[in-house]
Amino acid sequence: MEPGLDGSCSALPCEANLINEPLVVFVCATTGQGDPPDNMKAFWRFLFRKNLPQGSLCQLDYAVLGLGDSSYPRFNFIAKKLHKRVLQLGANPLLPVALGDDQHDLGPDAVVDPWLLALWDKILTLYPLPPGLEIISPDVCLPPKYTLHYLDEDTLHPDPGLLQPTAPRAFPSQLHPFPARMVFNQRVTAESHFQDVRLIEFDVTGSGITFCAGDVVMIQPQNCPEDVQQFCQLLRLDPQRSFVLKPTEPGTPLPALLPQPCTIQHLLTHYLDISCVPRRSFFHLLSYFSPNELEREKLQEFSSAQGQEELYSYCNRPRRTTLEVLWDFPHTTSAIPPHYLLELIPRIRPRAFSIASSMLAHPDRIQILVAVVQYRTRLSKPRRGLCSTWLASLNPEQGDVRVPLWVKKGGMRFPADPDTPVIMIGPGTGVAPFRAAIQERVAQGQRGNCLFFGCRQKSKDFYCQAEWEELVTRGFLTLFTAFSRDQEEKVYVQHRILENRRLVWELLSAGNAHIYLAGNAKQMPGAVSEALQAVLQLEGGLSPSEAEQHLAALERSQRFQSETWS
């Protein structure tokens, strides 16, 4: 369940009232390494109180829908645990827990569609509609949540633009990001290397922001001017027009991140995610507006259960953006009522980056390591990541560049005891949180720092090479590198772990070391886990099952922590 800034987080039942609810449908995501989302944490603490009686929810009918990503090791962990706990408290499950998966070809819809049909069947059987009420036909277009009212053109309403510093400021958060000045934006890969990776620094002086190694910075990106201009042309919108939003139903809170009044330019630049790959609901809503029979039929097909394979082939596989879809349906696009823009297109989500620096080494500064996302599909235009492309385009040497950001606690926690050694495994940009940790520990005089770093070639993408080599010379760092393409046979971090298994075992057994892993969530985490289990078997004399159990015990005790992303 993504925290809503528009009041949607109140969808969770008030903790104290849960025992009086007859029916609850839980929809929840899993964050970090098996953690509940921010807006679920208070409810989570309540639910797992030890003094709750076993039968306290015996009157409750419930269903749980998990939204997850199977490339992560704790896939839908929160949904599974929630289902088990509510069942333990005596509630009655209407259906087995549903586990939506972003990795499925059809996305979460592959699970959600049949689950919803079964859920409504169950609910309508147990809770029939009162006389005189009927289910709204799917052919009926529901009214928008907000209506958009243009202001007189002769009234001056300045564009709020990118966040400007105001005083007094609230503490930086998603509702009140800090407009940090970009200090430098430096490419750290060779120009000849296929991947553009940036080391970027922000000045957060006066923000009140503090952080420690393992924390993340949240950055609110924006759409590029060319996309905004094209969108306005397609929908025949005047970017300079000002408007106010009014809720269709009294009491509905307005979107917290949109100023009132607002310009179309600001709405499209800072709020609507016009470069995201649209979901099935987008095509369903769009079909209501289509004056063209051919376009309407195609949109209806894409939004039907039978048309999901074709939708995947058209939209998901080539990563076609919302803007590109609108180009393909020109008659429909020109007929979209502005009232429905916020229903059609989701807001731009903030992006999380591991902080790659320590405040002890760089006071009032935040540094991040950003891999600029660009890849090709069958579409002629390369696909680009919204946030990384925007950040890479900013040049602080050409003026005052501001980026809205705030800091959140990360999933990794480094040992408080300065004598505890740490083994850090960070291939590629996975090294970012470990750079922060190493800077922090070195500033505190801590020497037990062991880093396994991997990349393709020493000459092209060995991030922070000079910094690591200096720390090795000074005796603060033990460094093992795996340059996968510098020899005929590919070498990865897991191979270096096995080659240095005696040291790894000594640090774990005699030194009580903590292990940290960060990087891409595809094959790497599994390969590293296998290498660590092999160390436990070869050096510690454990059986395969004992090694697996020992590694799991290290995870439970927080001596083995990982942060991976897909």
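**View 1. Ile423 stands opposite Ile515 of β19 in this predicted model.** Ile423 and Ile515 sit where two strands run side by side: β16 (residues 422-425) and β19 (residues 514-520) pair in the parallel sense. The pairing extends over 4 bridges.

**View 2. Five strands make up an open, parallel sheet.** The strand order is β18-β17-β16-β19-β20. At the edges are β18 (478-483) and β20 (560-565), each of which pairs on one side only. Direction ignored, neighbouring strands of this sheet are turned against each other by 10 degrees on average.

**View 3. Helices α13 and α17 pack on the sheet.** Helix α13 (residues 432-443) touches β16, β17 (449-455) and β19. The direction of α13 makes about 155 degrees with that of β16. Helix α17 (residues 501-509) touches β16, β17, β18 and β19, and its direction makes about 135 degrees with that of β16.

**View 4. Helix α17 crosses helix α18 (residues 524-538) at roughly 80 degrees.** The two axes come within 9 Å. The crossing angle falls between 65 and 115 degrees, so α17 is roughly perpendicular to α18. On the α17 side the contact involves Arg501, Val504, Trp505 and Leu508; on the α18 side it involves Leu532, Val535, Leu536 and Leu538. By class, the contact of α17 with α18 has 7 nonpolar residues, 1 charged residue and no polar ones.

**View 5. The buried residues of helix α2 pack against four strands and a helix.** Helix α2 (residues 77-88) has 12 residues. From first C-alpha to last, α2 reaches 16 Å, close to the 16 Å expected at 1.5 Å a residue. Ile78, Ala79, Leu82, His83, Arg85 and Val86 are the buried residues of α2. Their packing partners are the strands β1 (23-29), β2 (61-68), β3 (92-93) and β4 (98-101), together with helix α1 (41-47). Just after α2, Gly90 takes a positive phi of about 100 degrees.

**View 6. Asp69 lies in the loop between β2 and α2.** The relative accessible area of Asp69 is 13%, under the 20% cut-off, so Asp69 counts as buried. Leaving aside neighbours within four places in sequence, Asp69 is in contact with Phe75, Asp101, Asp102, Gln103 and Ser566. The C-alpha atoms of Asp69 and Arg351 are separated by 17 Å; along the chain these two residues are 282 residues apart.

Terms used: Residues numbered from 1 in each chain as written. Predicted model: local features only at pLDDT ≥ 70, side-chain atom pairs only at ≥ 80, totals over all residues. Heavy atoms only, no water. Expected span 1.5 Å × (residues − 1). Buried < 20%, exposed > 50% of the residue type's maximum accessible area, 1.4 Å probe, protein only. Contact = heavy atoms within 4.5 Å. Pairing = 2+ DSSP bridges. Axes fitted to C-alpha atoms, helices over the stretch in contact; angles between N-to-C directions. Parallel < 35°, antiparallel > 145°, perpendicular 65-115°, else oblique. Nonpolar A, V, L, I, M, F, W, Y, C, P; charged D, E, K, R; others polar.
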